[in-house]
Amino acid sequence: MKNMNDKTKKWLTIAGCLALCAVLVVLIGQQFITPKPVDNPLPPQSSEVSNVTVDPKVPDGTEKEKEVTVTPPDTSQPTNIDNGAVSSGTEQTIQGDATKPEYTEEQLRDPTQKPDGEKVTEPPKSVDHDKVEKPKDNPEAPPKQSGGLPGFDNVPNAGANQGEYVDGDGDINKQVGTMD
């Protein structure tokens, strides 16, 4: 080994590792091979004769067979209401298109019933919207807190934002201040 240079040692090491990998691949591959099925040997046939006895109370062929009648089950499908579904072609739908009910002008203008025919118990009262009074504040309700932002009434207004200019050389890992 003293005569070999580093390049030769490196190639011998690589060749040895490749040979070891090839052996490992073959050994692992053999674990996945299924064994051939082996036929079970047939049981030995016995030469003994078995005696078969027939019940003497029932004569052969003289018994009348009962006639069996089979009624087929009811396979008729219940009538299905067509919902407009399309299940053929490229445009398939689960449900048909919705149809808007059409009402006559007379049904729409009649104040004693709704357009679908349902009777109205009270006729609608007209209200002059210019004279509607706004409800007054409830004196029992807690006073509203004024907040800095609309919709955020519980957030107090702390005034203008505050900020400082920190002089630094741009190093983000440098400590700028203390956290006391």
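Is glutamine 107 buried, partly exposed or exposed, and what is its relative accessible area? Please keep that residue in view while I go through the structure, which is a predicted model, and I will start with the residue itself before moving outwards.

Glutamine 107 is partly exposed, because its relative accessible area of 29% falls between the 20% below which a residue counts as buried and the 50% above which a residue counts as exposed. Glutamine 107 sits in helix α2, and its C-alpha atom is 8.0 Å from that of glycine 117, a residue ten positions away along the chain.

Helix α2 covers residues 105-109, and both glutamate 105 and arginine 109 belong to it, four residues apart, which is about one turn of the helix. These two residues form a salt bridge in which the closest N and O atoms are 3.7 Å apart, and glutamate 105 and arginine 109 are each exposed.

How many salt bridges does a search of the whole structure find? The search finds two, and besides the pair in helix α2 there is one between lysine 114 and glutamate 118, where the closest N and O atoms are 3.9 Å apart. Lysine 114 is partly exposed, with a relative accessible area of 39%, and glutamate 118 is likewise partly exposed, with a value of 44%.

Let me turn now to the other helix. Helix α1 takes in residues 6-31, and leucine 20 is found there. Leucine 20 counts as exposed because its relative accessibility is 53%, and the cut-off for that class is over 50%. Leucine 20 also contributes to a nonpolar surface patch of about 630 Å², which is made together with Val23, Leu24, Leu27, Ile28 and Phe32.

Finally, the protein as a whole. Which secondary structure elements does it contain, helices or strands? There are two helices and zero strands. Of the 180 residues in the protein, buried residues make up 0%, and when we take the contacts between residues at least 6 apart in sequence, 0% of them join residues at least 24 apart. The protein exposes about 20100 Å², and carbon and sulfur atoms supply 55% of that area.

So that you can find the places again on the structure, I would point you to glutamine 107 in helix α2, to the salt bridge between lysine 114 and glutamate 118, and to the nonpolar patch that includes leucine 20.

Technical notes
Residues are numbered from 1 along each chain as its sequence is written. This is a predicted model: local features need pLDDT of at least 70, side-chain atom pairs count only at pLDDT 80 or more; totals for chains, interfaces and linings use all residues. Side-chain values use heavy atoms; hydrogens and water are left out. A salt bridge is a side-chain nitrogen of Lys or Arg within 4 Å of a carboxyl oxygen of Asp or Glu. Buried means under 20% relative accessible area, exposed over 50%, partly exposed in between (1.4 Å probe, protein chains only). Patches are made of residues with over 30% relative accessible area and no salt bridge: like charges are joined within 9 Å, nonpolar side chains (Val, Leu, Ile, Met, Phe, Trp, Tyr) within 5 Å. Accessible areas come from the Shrake-Rupley method with a 1.4 Å probe; for residues, only the protein chains shown count as cover. Contact means heavy atoms within 4.5 Å.
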